[in-house]
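Below are some notes on the model, set out as numbered points for a colleague who has the coordinates open. They go from the overall fold to the sheet, then to the empty spaces and a few single residues.

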Amino acid sequence: MLTLADVHAGYGSVRVLHSVALEVAAGECTAVLGRNGVGKSTLLRCIAGMLPLQRGSISIDGGDVSSLSTFRRARLGVSLVPQGRGIFGGLTVRENLRVGPAAQRPAGTAATTERLLEEFPTLAAMANSKAAGLSGGQQQLLALARALATEPRLLLLDEPSEGIQPSILDEIAAVLARARAERHIALVLVEQNLDFAARLAETAHVMVKGELVATVATAELAADRDLQRRYMAI
């Protein structure tokens, strides 16, 4: 579904990603793990079209999307839940959910919003509340629900567990597992929380200084302290 080949990218003269190759099949969850500052978020920005490549290519279903803008990739089914969530604090929960699909399918926005509120009971209870008043975990749920409102085929998640209480993490994990099973959505999960990543992804790619240096089973990595120290300084 998603293929990256020899991807190089960075900011100005500073190169961050080096020769990144990655494949993710439809319905698969792949984790990208590593320490802070190694290029994980930059990788997601490249896939979403927010940062141009310096070299290499990105393909979706065999078609090269490397030169496509962010909104055109979104229309192909690419959706990003960014680190920091990026919700609209001045809008209500319901209004935030209507923003995503409005540009693509205005006629079906209301129905999509109400369906998502049914899937996210925590959000349904505060549908008319301003998003700025939600807790961090509730805002993360809203960011995820808003991304799902676009009916993505590829969902990019940047540190979704950061600062989130365990009960909300359980809800996030359940929603993502259901999205994979029922909608066959492919997930690329950038994380430092190894336990959370292991709940969702069978395979982890370890990034060090902008390169994917190892591919391991998340269950194996979660159980092996030597591997954790080697790749993630845990």
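1. I would begin with a detail of the strand pairing: Val32 stands opposite His205, a residue of strand β9. Everything in this note refers to a predicted model, and the values should be read with that in mind.

2. Val32 and His205 face each other where strand β3, residues 29-33, is joined by four bridges to strand β9, residues 203-208, the two strands running parallel. Both strands belong to an open sheet of six strands, whose order is β6-β7-β8-β3-β9-β10 and whose pairing is mixed. The edges of this sheet are formed by β6 (78-81) and β10 (211-217), each of which pairs on one side only. From one strand to the next, the twist averages 20 degrees.

3. On the chain as a whole, the model contains 10 helices and 10 strands. The radius of gyration is 17 Å, close to the 17 Å that the globule rule gives for 234 residues, so the chain is as compact as a globular protein of that length. The C-alpha trace spans about 45 × 40 × 35 Å along its principal axes, and buried residues account for 49% of the 234 residues.

4. Helix α1 (residues 40-48) deserves a separate comment, since seven of its nine residues are buried, so that the helix is largely enclosed by the rest of the structure. The buried positions are Lys40, Thr42, Leu43, Leu44, Cys46, Ile47 and Ala48, a list in which Lys40 is counted as charged. After α1 comes Gly49, which has a positive phi, near 90 degrees.

5. Which residues lie closest to the centre of the largest pocket? The space in this pocket is about 520 Å³, and of the 22 residues that line the pocket, the closest to its centre are Ala74, Val78, Ser79, Gly100 and Thr150. At least two lining residues are supplied by each of α2 (70-75), β6, α3 (93-102) and α6 (136-148); β6 is also an edge strand of the sheet described in point 2. By class, the lining of the pocket consists of 13 nonpolar, six polar and three charged residues.

6. The enclosed space can be treated in a similar way, with one cavity of 30 Å³ or more being counted. About 40 Å³ of space lies in the largest cavity, and its lining is made up of Glu119, Leu148, Val175, Arg178, Ala179, Glu182 and Arg183. Helix α7 (residues 166-183) gives the most to this lining, with five residues. How do the lining residues of the largest cavity divide by class, and how many are charged? Three are nonpolar, none is polar and four are charged, and a reader may wish to set this beside the pocket lining, with its 13 nonpolar, six polar and three charged residues.

7. Helix α7 also holds Glu171, for which the relative accessible area is 18%; this residue is therefore classed as buried, the cut-off being under 20%. Where the chain brings distant positions together, Glu171 and Pro121 offer an example, for they are 50 residues apart in sequence and 9.9 Å apart in space, taken from C-alpha to C-alpha.

Conventions: Residues numbered from 1 in each chain as written. Predicted model: local features only at pLDDT ≥ 70, side-chain atom pairs only at ≥ 80, totals over all residues. Heavy atoms only, no water. Pairing = 2+ DSSP bridges. Axes fitted to C-alpha atoms, helices over the stretch in contact; angles between N-to-C directions. 1 Å grid on protein atoms, 1.4 Å probe; cavity = no way out; pocket = protein on both sides within 12 Å on 5 of 7 lines; lining within 4 Å. Points joined across faces, edges and corners; volume = space filled by probe spheres on them. Rg over C-alpha atoms; globule rule 2.2 N^0.38 Å. Buried < 20%, exposed > 50% of the residue type's maximum accessible area, 1.4 Å probe, protein only.
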